[in-house]
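Here are a few exercises to work through with the sequence and the model side by side. Try each task on your own before you read the solution.

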Amino acid sequence: MKSIPDEYVYKKEVDWSLFKDGFAIPKEHQVVFGQVAGRLLERGDTQTISLILDGKTYKAKLTNQKIDAKFGPHADKIQIRYNKNDEIAQALRDSFRRSYAYICEMKAQQEKGSKKHIKLPDEYKEYLAIYTTEYDDTYVLETIGSLDMDVLRTTVSGQSERVLEAQFNFDTTDDTAGLREKEQIVKIRKLNKKIGDNLKRLYGYKCQICGKLVGEEYGSHVVEAHHIDYFVRSLNNDANNQLIVCPNHHSIIHDVDPVFDRKHLLYRYDNGFEEKLLLNKHLY
């Protein structure tokens, strides 16, 4: 088999559906998952795909669930589906033992038949990262366990957000970190950089705040990914916690630390100045 490129697709927070029958793909990622075997997955279609976890290949189904036309074509849901008794479901339960045990315990305390969503507390949160390969029907899965998050939380504690974001944007390294800490930083940095790189392409390397394409006259594109809720506090590297900004705005944000108003999609500065995003294709 050829080498597998680590192109990022999606990071899924662990929940009950992951252990039971699969999960839906958010709309902003559906273009990647919506094409299998060289063709678009039509409404109502199902296609067999391969999922690689820890070097082992498992089979699952990619479906484009057909929803009543009255809800419009955008209501369709692309999902990765499997049965709770399938090998991939068992492998995921084994990989995420801590969160699986917590959810099972909480479900046992619920009233019979309850479908109430169980939200994992921060200390139990785990994630499944999904990457494309050179084969459009094959994906690589990478686990980020709660113990990984514990190590990462300890490692980044007290670090400068600006320095950490430089690691994410430019692949700089911290030579003072131990081996275990480096493993977690490298794993998260790789994932974070893929998310940021995809967003940079989405915005054509333009700053979401000023709309400028910095460096174009020099044949260069200078733009950076910024965490809205600082990563050193949130450990959140999802797309919905990142903005694409020019170096000038990035430096100003870290110097002044304005408040980001998600409802109105603007930064509010201490001196009363407000600056709304000119470009937005991923924050809702």
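A crossing of two helices is left-handed if the near helix is turned anticlockwise from the far one by less than a right angle, and right-handed if it is turned clockwise. Keep that in mind for the first exercise, and remember that this is a predicted model.

**Exercise 1: a helix pair**

Task: Describe how helix α6 and helix α9 cross, and find the residues through which they meet.

Solution:
- Begin with the elements: α6 covers residues 161–170, and α9 covers residues 247–256.
- Next, look at the axes, which come within 11 Å and cross at roughly 150°. Angles over 145 degrees count as roughly antiparallel, so α6 is roughly antiparallel to α9.
- Now apply the handedness rule: the crossing of α6 and α9 is right-handed.
- Finally, list the residues that meet. From α6 these are E161, R162, E165 and N169, and from α9 they are P247, H250, S251 and H254.

**Exercise 2: burial and the start of α6**

Task: Identify the buried residues of α6, then inspect the start of this helix for a side-chain to backbone approach.

Solution:
- The buried residues of α6 are E161, L164, E165, Q167, F168 and N169.
- Compare this with the helix pair: E161, E165 and N169 are among the α6 residues that meet α9, and these three are also among the buried residues of α6.
- At the start of the helix, S160 has a side-chain oxygen within 3.3 Å of the backbone nitrogen of R162.

**Exercise 3: a loop tyrosine**

Task: Place Y230, classify its burial and trace its contacts.

Solution:
- Y230 sits in the loop between β10 and α8, the latter being residues 231–234.
- Its relative accessibility is 9%, so Y230 counts as buried; the cut-off for buried is under 20%.
- Beyond residues up to four places away in sequence, Y230 touches E161, I253, H254 and D257. Of these, E161 and H254 also appear in the meeting of α6 and α9.
- With D257, the side chain of Y230 forms a polar contact of 3.3 Å.
- For a C-alpha check, take S160: 70 residues separate it from Y230 in sequence, and 9.8 Å in space.

**Exercise 4: two positive phi angles**

Task: Compare where D54 and Y205 lie and how accessible they are, given that both have positive phi without being glycine.

Solution:
- Phi is near 55° for D54 and about 65° for Y205.
- D54 belongs to the loop between β5 (46–53) and β6 (56–65), whereas Y205 belongs to the loop between α7 (179–202) and β10 (224–227).
- At 67% relative accessibility D54 counts as exposed, while Y205, at 27%, counts as partly exposed.

**Exercise 5: contacts across the sequence**

Task: Work out the surroundings of L18, K84 and E142.

Solution:
- L18 is part of helix α1, residues 16–20. With 0% relative accessibility, L18 counts as buried.
- Setting aside neighbours within four places in sequence, L18 is in contact with K12, F23, Y82, L92, F96 and L128. Its C-alpha is 9.6 Å from that of Y100, which is 82 residues apart from L18 in sequence.
- K84 lies in the loop between β7 (77–81) and α3 (87–95), and K84 is partly exposed at 48%.
- With residues up to four places away left out, K84 touches F19, K20, A89 and R93. The C-alpha atoms of K84 and F19 are 6.6 Å apart, although their positions lie 65 residues apart along the chain.
- E142 falls in strand β9, residues 138–144. Outside the residues up to four places away, E142 touches Y127, L128, A129, Y131, K187 and K190. With Y131, the side chain of E142 makes a polar contact of 3.1 Å, side chain to side chain.

**Exercise 6: the whole protein**

Task: Summarise the protein by elements, burial, contacts and surface.

Solution:
- Count the elements: there are nine helices and 14 strands.
- Of the 284 residues, 45% are buried.
- Among contacts between residues at least 6 apart in sequence, 58% join residues at least 24 apart.
- The exposed area is about 15,400 Å², and carbon and sulfur atoms supply 50% of it.

Note on methods
Residues are numbered from 1 along each chain as its sequence is written. This is a predicted model: local features need pLDDT of at least 70, side-chain atom pairs count only at pLDDT 80 or more; totals for chains, interfaces and linings use all residues. Side-chain values use heavy atoms; hydrogens and water are left out. Helices (H or I, at least four residues) and strands (E, at least two) are DSSP runs, numbered from the N terminus. A polar contact is a pair of N or O atoms within 3.5 Å; within protein, one must be able to donate a hydrogen and the other to accept it, and residues adjacent in sequence count only if both atoms are side-chain atoms. Contact means heavy atoms within 4.5 Å. Buried means under 20% relative accessible area, exposed over 50%, partly exposed in between (1.4 Å probe, protein chains only). Accessible areas come from the Shrake-Rupley method with a 1.4 Å probe; for residues, only the protein chains shown count as cover. Axes are lines fitted to C-alpha atoms, for helices over the stretch in contact, and angles run from 0 to 180 degrees between N-to-C directions. Angles under 35 degrees count as roughly parallel, over 145 as roughly antiparallel, 65 to 115 as roughly perpendicular and the rest as oblique.
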